[in-house]
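Thanks for coming, everyone. Let me put the structure up, and then we'll walk through the sheets and the charged pairs.

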Amino acid sequence: MINTGETILNEDGVLSSCTKRQGICGYACCKFSVGNWIMLLPGEYEVAVQKNLKRDHLHFESNQHAICSTPCQTGDLKPIDCSWYPLFPANQNATQFLVADHRKCPIPNHELIDKMLAIHISALAWEQQHPGSLEQMLTLSRDFVGYMPFPYKIFNGQAIKMTTEEMQCIALTNNLPVDYICKDWTVTLSGYSASQTPDDEK
Ligand code: SF4
Ligand code: SF4
């Protein structure tokens, strides 16, 4: 979520909740030591090539699967997944979401609600331009590492709480270890679990 590269949509996705916590996390979202990876949306790589965005900082396993080795800079491709981080759509209508493990990303869930609403619009627009891409994104994201069900969803245009059953339905299997401590964090803070920060409602 570093604010230097450029997405093909010219939306960097940076939010103040992220900026003010970057001194804690050490940009953990831009490090790839736990098997995590970046998904390029269907068609995104091809548009990045057309727009001549540099991709040397990324290592691609395929046009949709990459990791990053150095911070992106002006003129570099910043994948849309990076701009959506720590959220990612988790259902066909982009009304349910995954959220990164809060032992990596310290942003409280409730501070991500506006971002969820924005990603909903962005994901549906992408689906309209690239039919079938949401289904493909859902399938590929089952292999994401270190994401939890986001406890809010969109219903009738509003953010409401997910039920326990709904959250179980979108849960992934590649979780970080129970005793995981992010080595990128610059400070040791208590109260952060996979699914919550100390600032979230209990
Ligand atoms: S880990 Fe979270 S808080 Fe830190 S830079 Fe990434 S998105 Fe921002
Ligand atoms: S491209 Fe790399 S440095 Fe830029 S936001 Fe994504 S992971 Fe971070």
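One term before we start: two strands pair if DSSP finds at least two bridges between them. Keep in mind that this is a predicted model.

With that in hand, look at strand 5, residues 97-100. It runs antiparallel to strand 6, and 3 bridges join the two. For a landmark, find A100 in strand 5: Y147 in strand 6 stands opposite A100.

Now widen the view. Strands 4, 5 and 6 make an open sheet, in the order 4-5-6. The pairing is antiparallel. At the edges are strand 4, residues 87-89, and strand 6, residues 147-149, and each of these pairs on one side only. From one strand to the next, the twist averages 35 degrees.

What lies across strand 4 and strand 5? That is helix 5, residues 113-129. Helix 5 runs at about 40 degrees to strand 4.

There is another open sheet to find. This one also has 3 strands, in the order 1-3-2, with antiparallel pairing. Strand 1 (38-39) and strand 2 (58-62) stand at its edges. Each has a single partner strand, so one side of each is left without a neighbour in the sheet. Strand 3 covers residues 65-68, and 4 bridges join strand 2 to strand 3. Use L58 as your marker here: opposite L58 stands C68, in strand 3.

On to charges. Side chains of opposite charge can pair when their charged atoms come close. How many salt bridges does the model have? The count comes to 6. I'll take three pairs.

Start with E111 and R21. Their closest N and O atoms are 3.1 Å apart. The two sit in distant parts of the chain, 90 residues apart. E111 is in the loop between strand 5 and helix 5. R21 is in the loop between helix 1 (16-19) and helix 2 (22-25). Are they buried or exposed? E111 is partly exposed, at 24% relative accessible area, whereas R21 counts as buried, at 9%. The pair also belongs to something wider: R21, E111 and D199 are linked in a network of salt bridges.

Next, D184 and K31. Here the closest N and O atoms are 3.9 Å apart. D184 lies in the segment after helix 7 (164-170), and K31 in the loop between helix 2 and strand 1, so this salt bridge ties together parts that are 153 residues apart in sequence. D184 counts as buried, with 15% relative accessibility. K31, at 33%, counts as partly exposed.

Third, E166 and K153. Their side chains meet at 2.6 Å, N to O. E166 lies in helix 7 and K153 in strand 7, residues 152-155, so the pair ties together parts that are 13 residues apart in sequence. Both residues are buried.

Last stop: a charge without a partner. Go to helix 3, residues 44-50, and find E44. E44 is buried yet has no salt bridge. Where is the nearest side chain of opposite charge to E44? It is K78, 11 Å away. A salt bridge needs a nitrogen within 4 Å of a carboxyl oxygen, so that pair does not qualify. What is E44 in contact with, leaving aside its neighbours within four places in sequence? The list is I8, M39, L77, K78, P79, I80 and W126.

That's the tour. Questions, please.

Definitions and conventions
Residues are numbered from 1 along each chain as its sequence is written. Chains are lettered from A and ligands numbered from 1 in the order in which they are written. This is a predicted model: local features need pLDDT of at least 70, side-chain atom pairs count only at pLDDT 80 or more; totals for chains, interfaces and linings use all residues. Side-chain values use heavy atoms; hydrogens and water are left out. Helices (H or I, at least four residues) and strands (E, at least two) are DSSP runs, numbered from the N terminus. Axes are lines fitted to C-alpha atoms, for helices over the stretch in contact, and angles run from 0 to 180 degrees between N-to-C directions. Contact means heavy atoms within 4.5 Å. Buried means under 20% relative accessible area, exposed over 50%, partly exposed in between (1.4 Å probe, protein chains only). Lys and Arg count as positive and Asp and Glu as negative; His and the chain ends are not counted.
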